[in-house]
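Here's a quick tour of one model, from its strand pairing to what sits inside. Have the structure open as you read.

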Amino acid sequence: MSLSRQLFKNLASKFVNETFSDFSKAFEIQQLTEVADGLGGFTVSWAKFSDVVGFVKTVSGGELVETNEGVRIGSDYMTRFSMQYIGGITDQMRILYNGETYNIKHINPVLDGDVWLNIDAKKTEVT
């Protein structure tokens, strides 16, 4: 028995919506774009690529301590953003979630298809 891609997408969406109660986290994928600076030139700025609703989970973490000309203490962790497939996302983009910025490190289309994406992104906090 073979499943059509659309049927598979529908089944996957239904499974996720019924399985993950917090599959409702809103985040924004951003890309660098050139913006007119009003003086005839351009400047580079982050702009919205896509608004997304998905699943967010911290997958690894650790403590960051640096002691070169002062002490900096913070945390360093990887977060996984899972969502329905969106074409065109690259590791040169970033994710804005809860007012924090996450740099995309790895994009993994599940089953190498166009149904589901897991994106691992890193945020480093320093205090």
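## Strands side by side

Which residue in E5 is the bridge partner of Arg94? That's Asn103. Keep in mind that we're looking at a predicted model here.

The Arg94–Asn103 bridge belongs to the pairing of E4 with E5, two strands that run antiparallel and are joined by four bridges. Together E4 and E5 make a hairpin, with two residues between them. One to click on in the turn is Asn98, whose phi is positive, at about 55 degrees.

E4 also pairs with E1, again in the antiparallel sense, this time over three bridges. If you want a landmark for that pairing, find Glu28, which stands opposite Leu96 in E4.

## The nonpolar core

Now for the inside. The largest nonpolar core holds 17 residues, and the ones with the most contacts inside it are Phe27, Phe81, Met83, Ile89 and Ile95. Six strands each give two or more residues to this core: E1 (25-36), E2 (42-66), E3 (72-84), E4 (94-97), E5 (100-109) and E6 (116-126).

Phe27 is a handy place to start looking around. Leaving aside residues up to four places away in sequence, Phe27 touches a run of E4 residues, Ile95, Leu96 and Tyr97. Phe27 also touches Phe81, Ser82 and Met83 of E3. Its other contacts are Ser50, Asp51, Val52, Gly54 and Val56, which fall in E2.

## Aromatic rings

Searching the whole structure turns up five aromatic pairs. One of them is Phe81 with Tyr102, an edge-to-face pair at 5.3 Å centre to centre, with 75 degrees between the planes. Since Phe81 sits in strand E3 and Tyr102 in strand E5, this pair ties together parts that are 21 residues apart in sequence.

Tyr102 has a second ring partner in Tyr97: that pair is tilted, with 6.3 Å centre to centre and 55 degrees between the planes. Are these two tyrosines, Tyr97 and Tyr102, buried or exposed? Tyr97 counts as buried because its relative accessibility is 11%, under the 20% cut-off. Tyr102 is buried too, with a relative accessible area of 6%. Put the rings together and you get one aromatic cluster made of Phe27, Phe81, Tyr97 and Tyr102.

## A polar contact on E3

Ser82 is in strand E3 and, at 7% relative accessibility, counts as buried. What does the side chain of Ser82 make a polar contact with? It's the side chain of Asn118, at 2.6 Å.

Terms used:
Residues are numbered from 1 along each chain as its sequence is written. This is a predicted model: local features need pLDDT of at least 70, side-chain atom pairs count only at pLDDT 80 or more; totals for chains, interfaces and linings use all residues. Side-chain values use heavy atoms; hydrogens and water are left out. A nonpolar core is a set of buried Ala, Val, Leu, Ile, Met, Phe, Trp, Tyr and Cys residues joined through side-chain atoms within 4.5 Å. Buried means under 20% relative accessible area, exposed over 50%, partly exposed in between (1.4 Å probe, protein chains only). Contact means heavy atoms within 4.5 Å. Rings of Phe, Tyr and Trp (its six-membered ring) pair if their centres lie within 6.5 Å; planes under 30 degrees apart count as stacked, over 60 as edge-to-face and the rest as tilted. A polar contact is a pair of N or O atoms within 3.5 Å; within protein, one must be able to donate a hydrogen and the other to accept it, and residues adjacent in sequence count only if both atoms are side-chain atoms. Two strands pair if DSSP finds at least two bridges between them.
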